[in-house]
Amino acid sequence: MSPLARLSGLAAAGLLFACAPAPASLPAAPVAAGPGIAVTAIPVPLNPARPDETRLGAFTYAGGLALSSSETARFHGLSDLVVDADQQITAITDEGDLIEGRLVLDAAGRLTGMTDVRLSPMAGLDGRPLPNKAASDAEGLAVLPGGDRLVSFEHQARIWLYPAAGGPPRPAPQPEVDFPPNGGMEALAHDPERGADAYVVGGEDSGETWLCRLSAPCVPGPAVNKGREFGLVALRRLPGDQTAYLLRAWDPARGSRIILTIQGPAGEAGRLELARPYTVDNFEGVDFVPRPEGGYRIYLVSDDNFQSSQRTLLLAFDWTP
């Protein structure tokens, strides 16, 4: 997302939504990086001032990485991710690229690396790579049973379904709402308890959500209770009618701040907050992976906005409700 455009409008209204400064320039169009790229993964502590710290309330830090690649200028701008039980990771970028790979864990289950990485441009309805930033600003990702992928886009607000078998995408139902260019459908998640073709969409600025299906129009869902300075940037549906919301704020004095809140029928079931001095950046994506021993492995990914002053961070936490 482009924060400078947001700041100018929001500051006039006395609001500062979460973003980091926009890059001075961006590649004009997606460029394939070949069948595979090497990714460098540098470990990062939860708290740089106290490297041995591993607990934040009910959440246990399970490793974190600063990711980069010297083989392509496209490995930036990661805006959402999905991780399966075999640690296969799928991510999208706000320049319209698809990233696939495998997470590496050590003997204790801590996150240590990312391997077998492939990067490729996402296609438009005509089968060609998306042509420019306005068309390729992918923000939300949901994977349906069978492997079909749903992707939500900002600027040109839409949701497309990318078939697991390959080929061009096709439009999917979306909320009939006029979203602001940089405050639209950031949050997207499969909703398996409502059906194999069900998904949830969340608006960044408004905090409103919509319940959608491939076979039916979207209808309003519950609104997220969030502070005015926070934007809804990701969500995930969990068993037991629980929903995890990732909220993000940014201002020049305090930098990035995030709140991950897990809401259920009985109220808040969990809450993780990250702000300085903890390791934090422009986090935009979250996923929950059930653990064999119970609870969840949570992954958070940050969008570096193609800026050298920011990082692509992937952090892991373990949480047992």
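Which residues have the most contacts inside the largest nonpolar core? They are L274, F288, I298, L300 and F317, in a core of 27 residues. The model discussed here is predicted.

**Overall make-up**

The chain contains two helices and 22 strands. Of its 321 residues, 55% count as buried. Among contacts with a separation of 6 or more, 51% are between residues 24 or more positions apart. The accessible surface of the chain is about 12800 Å², and carbon and sulfur atoms account for 55% of that area.

**Nonpolar cores**

Several strands build the 27-residue core. At least two of its residues come from each of β3, β16, β17, β18, β19, β20, β21 and β22. The greatest contribution is that of β22, with four residues. Apart from this core there is a second, separate one of 22 residues, which includes I37, A62, L65 and V289.

I298 shows what surrounds one of the residues with the most contacts in the largest core. Leaving aside residues up to four places away in sequence, I298 touches F59, L260, V286, D287, F288, L315, A316, F317 and W319. Two of the residues named here, F288 and F317, are themselves listed with I298 among those with the most contacts inside the core.

**The four-stranded sheet**

Strands β16, β17, β18 and β19 form an open sheet in that order, with antiparallel pairing. β16 and β19 are the edge strands; each has a single partner strand, so one side of each is left without a neighbour in the sheet. From one strand to the next, the twist averages 15°. The residue ranges of the four strands are as follows.

| Strand | Residues |
|---|---|
| β16 | 231-238 |
| β17 | 242-251 |
| β18 | 255-264 |
| β19 | 267-274 |

Strands β16 and β17 run antiparallel and are joined by seven bridges. R237 has T243 in β17 as its bridge partner. In general, strands of a sheet pair through backbone hydrogen bonds, either parallel or antiparallel. Each of the four strands in this sheet also supplies at least two residues to the largest core.

**The disulfide**

How many disulfides does a search of the whole structure find? The search finds one. It is formed by C212 and C218, whose sulfur atoms lie 2.1 Å apart. The torsion about the S-S bond of C212 and C218 is about 115°, and the disulfide is therefore right-handed. Are C212 and C218 buried or exposed? Both C212 and C218 are buried.

Technical notes. Residues are numbered from 1 along each chain as its sequence is written. This is a predicted model: local features need pLDDT of at least 70, side-chain atom pairs count only at pLDDT 80 or more; totals for chains, interfaces and linings use all residues. Side-chain values use heavy atoms; hydrogens and water are left out. Two strands pair if DSSP finds at least two bridges between them. Axes are lines fitted to C-alpha atoms, for helices over the stretch in contact, and angles run from 0 to 180 degrees between N-to-C directions. A disulfide is a pair of cysteine sulfur atoms within 2.5 Å. Buried means under 20% relative accessible area, exposed over 50%, partly exposed in between (1.4 Å probe, protein chains only). A nonpolar core is a set of buried Ala, Val, Leu, Ile, Met, Phe, Trp, Tyr and Cys residues joined through side-chain atoms within 4.5 Å. Contact means heavy atoms within 4.5 Å. Accessible areas come from the Shrake-Rupley method with a 1.4 Å probe; for residues, only the protein chains shown count as cover.
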